[in-house]
Amino acid sequence: QDGKNVYRLGWMFVLLMYSGMRAGEVCALTWDDIDFSERTINVRKNAVEVREKDENGESHYVLKTQNSTKTRSGTRIIPMTEKAYLALSELQKITGDCEYIVSSSKGQRIRPSRIDRSFHLILDAIGLKRVGVHTLRHTFATMLFHNGCDIKVVSELLGHSNTKITENIYIHVIQEQKVKAIQSIDKFSD
């Protein structure tokens, strides 16, 4: 809106879309996980919301950082795209004094569920159908496939434990790529 950020952490959604990270991974990301000179993101932790009881026996969700990712292969180094680099540079202007990249205006960590709610508010504001923030991860993978990226590389960038998982999730995109490949051979032989 007039070149001003409407959503304080709007760049976080750009980062999610151009890195393929999960919401929990971006919530656990600290500035020491970012290497601007090498243009890499070191994904090695995951933020989770755990239900715990307090001293009164009341149940509450508590945000915890696991010193591991969702899967063993989730620990990875992601090379930054230009847009991920820009998003991180902009986020650094906003949260650079905080430990965590995704922090509130008071410097507190943001929960993965809050990211999804914020994404819904943005979609509502611009009149788009509500989808989960995980859709940005799928968009990242789909862009890679459409650019001819090998399934093994896509799988590694997403942190999947094997290519079968990637194949099962993106079978429709892979099938489209096969059809295009065959059609390009037909054009070549004409």
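A residue is counted as buried when its relative accessible area is under 20%. In the predicted model described here, Asn-46 has a relative accessibility of 9% and is therefore classed as buried. Asn-46 belongs to strand 3, which spans residues 46-53. A polar atom of the Asn-46 side chain is located 3.3 Å from the backbone nitrogen of Glu-25.

At the level of the whole protein, eight helices and five strands are present. Their succession along the sequence is α-α-β-β-β-β-β-α-α-α-α-α-α. Along the principal axes, the C-alpha atoms occupy a box of roughly 75 × 45 × 40 Å. Of the 190 residues in the protein, 36% are buried. Among contacts with a separation of 6 or more, 59% are accounted for by residues 24 or more positions apart. The accessible surface amounts to about 11400 Å², and carbon and sulfur atoms contribute 52% of this area. Positive side chains number 27 and negative side chains 23, with a distance of 3 Å between the centres of the two sets.

Three of the strands form an open sheet in the order 1-2-5, with antiparallel pairing. The edges of this sheet are occupied by strand 1 (34-35) and strand 5 (76-79); each has a single partner strand, so one side of each lacks a neighbour in the sheet.

The antiparallel pairing of strand 1 with strand 2, residues 40-43, rests on two bridges. Within this pairing, Ile-34 has Ile-41 of strand 2 as its bridge partner, and Asp-35 is placed opposite Thr-40 of strand 2. The hairpin formed by strand 1 and strand 2 has four residues between the strands, and in this hairpin Arg-39 adopts a positive phi near 55°.

Strand 2 is also joined to strand 5 by four bridges, the two strands running antiparallel. In this second pairing, Asn-42 has Ile-77 of strand 5 as its bridge partner. The two faces of strand 2 differ in their cover: Ile-41 and Val-43 make up the covered face, whereas Thr-40 and Asn-42 make up the uncovered one. Thus Ile-41, the bridge partner of Ile-34, lies on the covered face of strand 2, while Thr-40, opposite Asp-35, lies on the uncovered face. Asn-42, which is bridged to Ile-77 in strand 5, likewise belongs to the uncovered face.

How values were computed: Residues are numbered from 1 along each chain as its sequence is written. This is a predicted model: local features need pLDDT of at least 70, side-chain atom pairs count only at pLDDT 80 or more; totals for chains, interfaces and linings use all residues. Side-chain values use heavy atoms; hydrogens and water are left out. Buried means under 20% relative accessible area, exposed over 50%, partly exposed in between (1.4 Å probe, protein chains only). A polar contact is a pair of N or O atoms within 3.5 Å; within protein, one must be able to donate a hydrogen and the other to accept it, and residues adjacent in sequence count only if both atoms are side-chain atoms. Contact means heavy atoms within 4.5 Å. Accessible areas come from the Shrake-Rupley method with a 1.4 Å probe; for residues, only the protein chains shown count as cover. Lys and Arg count as positive and Asp and Glu as negative; His and the chain ends are not counted. The place of a charge is taken as NZ of Lys, CZ of Arg, CG of Asp or CD of Glu. Two strands pair if DSSP finds at least two bridges between them.
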